[in-house]
Amino acid sequence: MAFNVTQKLIDGHLLSGEMTPGTEIGLKIDQTLTQDATGTMVMLELEAMGLDYAKTEASAQYVDHNLIQVDSKNPDDHLFLESATRRFGLYYSRPGNGVSHPVHMQRLAKPGKTLLGSDSHTCANGCMGMLAMGAGGIDVAMAIAGEPFYVKMPQVWGIELKGRLPDWVSAKDVILELLRRHDVKGGVGYVIEYFGDGLKHLSAMDRHVIANMGAELGATGTVFPSDDEIKRYLKQQNREEDWIELKADRGASYDRYEEINISELEPLVAKPSSPGNVVAVRDIAGEPIYQSYIGSSANPGYRDFAIAAEIVKGKQVANGVSYDINPSSRQILTDLVEEGHIASLLQAGARLHQAGCNGCIGMGQAPASGRNSLRTTPRNFPGRSGTREDSVFLCSPETAAASALTGKITDPRTLEMDYPKIKEPRKPTVDESLLSVPLPLEQAREVELYKGPNIASIPEMNELPYTLEIPILLKMGDNISTDEILAGGARVLPFRSNLPEISKFVFEIVDETYYERARKTVEQGGHAIIGGFNYGQGSSREHAALAPRYLGLRVALVKDFARIHWQNLVNFGILPLTFVNEADYDKLKQGDILTITDVKNKIQQGNEFSISLNGEKESIKVRHALSARQIDMMIKGGLINWVKAQQKVTT
């Protein structure tokens, strides 16, 4: 049988199930990635599981999100993470080394391997011929402990790239074009696999840009072949021995096919407040901007910064514009310094920040109120920037740099200059010290975990009761993101290891009264929320499920779910249900009482059952998509309780 690259990767790591789309499969995970906004909880989960030492080929903990040190919370957690990596046998990337995704690509990514990360943009490393997927932290903890990763077998969406990018158009415009065509739900249930002659003109880091924002399409992952370009990249990183060729077999087919002639693309931009709200830059040219921002995992390459530097070289950015430069890794920053690009940026009026996620996750660089921010970041969900009423546009480095010069959104093709030709450094920096290597097992066992005063253990969670009789506390619309469920940013994320404190911010963007109302339901059996399509899109942060669960959320009833958040709800014992008849959404309102009797038996007996409304006056039909394993988890109250039960059986 002729396999495409995705099928080869899945077939080579399949531990359970069959490769039938929509059915649950278990995959062997070779590598894991955690970052500090999610990794603190992962390390606490490893401690709770009693893990002795990581069972993966390579697991790395990065500190790239919570870099602002306004008090002791973030630095204390950095010390905790460092001690945990030494105790459990993980690589450690300290603050300032850079964003997890490009650093992992530079130092650890290997063609033919699987990578699971507690960050939704882990899919970026699919650029290296890997099956790289985002997941909730507890799924990653299980993988570190040697357990399979369970996921619904995806379909494969083959996208053939033809042609060559024209001047002033770059890789960011390729993925924005796909979002323009299909919006933020277009990739749900698929791994997106790129192939075709157009790949010959896309560097490994260009592919990273495209793979990264597969998350914005809701895709399970993004896969590129491992070809001569990946071999060249690994040779640059002194890792040529890690290369293998991995291409689709001749005659391989795809469940869905699409073609993009990249030579026909033009500069694109995603308007507020969705990555899928894409138009041509020329259509909104002239909109004034306050901020122009270069960086993030969505444009992390040397070229992305160098092109921005060359565009503004010898010029001055417009008055009133904050031109923010957020380097993506220490290696790349070193090269930019040595090649003079940082000097060009600074002389033009740019502000240089430390290597990390920074403003992409609302950690600094928040825009002024009522002003437009133009960013090369992957997301522009409401409030993600750190400013509640933000107006964030997503674009390429070319568009961001051109606009910084004019003070308004500008099609870079209209600049009176030739398109700069960027050459990579002849000898790119290779910094092997970016990652501290794991301690040997015997030394690791001697390490004690450092826990600052902000770290709180995960409280025990009760199992699913016989009957759920609970009020609807919130009714929401479509495309509610995890940033709206639980915001990121410098105000919230420092409490990532303190569940009682971080829960105070749950749904505050949607309804500031939720926290106080939800707390009152905890002792009364909990509550439910109602949502529309694509509920839980965006970040993989499991706090967006764990914190509502702590506040009593037991049922999420929506039109459909984003993949990672659905899995996180299951992991923490929140029953994820969808409407059999979507029109029933209109029958429900905040304050209605939902009743499910004999709920344990109902979810075991079939995928569809009825929920009573307001004391049997009316009922609606709902369905679940839980596997037999997940039903058992749900009954026990979540994955942590399920693991404990499994340990009792084995002992």
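Visitor: In what order do the seven strands of the closed barrel run?
Guide: This is a predicted model, and its closed barrel has seven strands with mixed pairing. Neighbouring strands of this sheet are turned by 40 degrees against each other on average, direction ignored. The order of the strands is 20-21-22-23-26-25-24.

Visitor: Within the barrel, which residue of strand 23 stands opposite Val555?
Guide: Strand 22 covers residues 553–558 and strand 23 covers residues 575–579. The two pair in the parallel sense over four bridges. Opposite Val555 in strand 23 stands Leu575.

Visitor: Which residue of strand 24 stands opposite Leu468?
Guide: Strand 20 (residues 468–475) and strand 24 (residues 593–596) run antiparallel and are joined by four bridges. The residue of strand 24 opposite Leu468 is Ile596.

Visitor: What is the bridge partner of Thr595 in strand 25?
Guide: Strand 24 is also joined to strand 25 (residues 608–613), by two bridges. These two strands run antiparallel. In strand 25, Thr595 has as its bridge partner Ser612.

Visitor: Which strands stand at the edges of the open sheet 5-4-3-6-7?
Guide: This open sheet has five strands with parallel pairing. Two of its strands have a single partner strand each, so one side of each is left without a neighbour in the sheet. The twist averages 15 degrees from one strand to the next. The edge strands are strand 5 (91–93) and strand 7 (131–134).

Visitor: In strand 4, what is the bridge partner of Gln31?
Guide: Strand 3 (residues 31–35) pairs with strand 4 (residues 58–62) in the parallel sense, over five bridges. The bridge partner of Gln31 in strand 4 is Ala58.

Visitor: What angle does the direction of helix 2 make with that of strand 3?
Guide: Helix 2 spans residues 36–49 and packs on the sheet. Strand 3 and strand 4 are the strands that helix 2 touches. With the direction of strand 3, helix 2 makes an angle of about 115 degrees.

Visitor: At what angle to strand 3 does helix 5 run?
Guide: Helix 5 (residues 137–144) lies across strand 3, strand 4 and strand 6 (114–117). Relative to strand 3, helix 5 runs at about 140 degrees.

Visitor: Are helix 6 and helix 7 roughly parallel or roughly antiparallel to each other?
Guide: Helix 6 (residues 171–182) and helix 7 (residues 204–212) have axes 8 Å apart, at an angle of about 25 degrees. Angles under 35 degrees count as roughly parallel. Helix 6 and helix 7 are therefore roughly parallel.

Visitor: Which residues of helix 7 meet helix 6?
Guide: The crossing of the two helices is right-handed. The residues of the contact divide into five nonpolar, no polar and two charged. From helix 6 come Ala171, Lys172, Val174 and Ile175, and they meet, in helix 7, Asp206, Val209 and Ile210.

Visitor: How are helix 4 and helix 7 oriented to each other?
Guide: The axes of helix 4 (residues 100–107) and helix 7 come within 12 Å and cross at roughly 140 degrees. An angle over 145 degrees would count as roughly antiparallel, and one from 65 to 115 as roughly perpendicular. Helix 4 and helix 7 are therefore oblique.

Visitor: Which residues of helix 7 make the contact with helix 4?
Guide: Helix 4 passes helix 7 in a right-handed crossing. Helix 4 contributes His101, Pro102 and Met105, while helix 7 contributes Ala204, Met205 and His208.

Visitor: Which residues of helix 11 meet helix 10?
Guide: Helix 10 (residues 302–312) and helix 11 (residues 330–338) pack at about 35 degrees, with axes 10 Å apart. By class, their contact has five nonpolar, no polar and one charged residues. Tyr302, Phe305 and Ala306 of helix 10 meet, in helix 11, Ile332, Asp335 and Leu336.

Visitor: How many residues apart in sequence are the parts tied together by Glu259 and Lys162?
Guide: The structure holds 46 salt bridges. In one of them the side chains of Glu259 and Lys162 meet at 3.1 Å, N to O. Glu259 lies in strand 12 (residues 256–261) and Lys162 in strand 9 (residues 155–162), so the pair ties together parts whose separation in sequence is 97 residues.

Visitor: Which residue does a cis peptide bond join to Pro272?
Guide: Most peptide bonds are trans. Here omega is about -5 degrees, and the bond is cis. The residue joined to Pro272 lies in the loop between strand 13 (268–270) and strand 14 (278–280). That residue is Ser273.

Key:
Residues numbered from 1 in each chain as written. Predicted model: local features only at pLDDT ≥ 70, side-chain atom pairs only at ≥ 80, totals over all residues. Heavy atoms only, no water. Pairing = 2+ DSSP bridges. Axes fitted to C-alpha atoms, helices over the stretch in contact; angles between N-to-C directions. Left-handed = near helix turned anticlockwise from the far one by under 90°. Contact = heavy atoms within 4.5 Å. Nonpolar A, V, L, I, M, F, W, Y, C, P; charged D, E, K, R; others polar. Salt bridge = Lys/Arg side-chain N within 4 Å of Asp/Glu carboxyl O.
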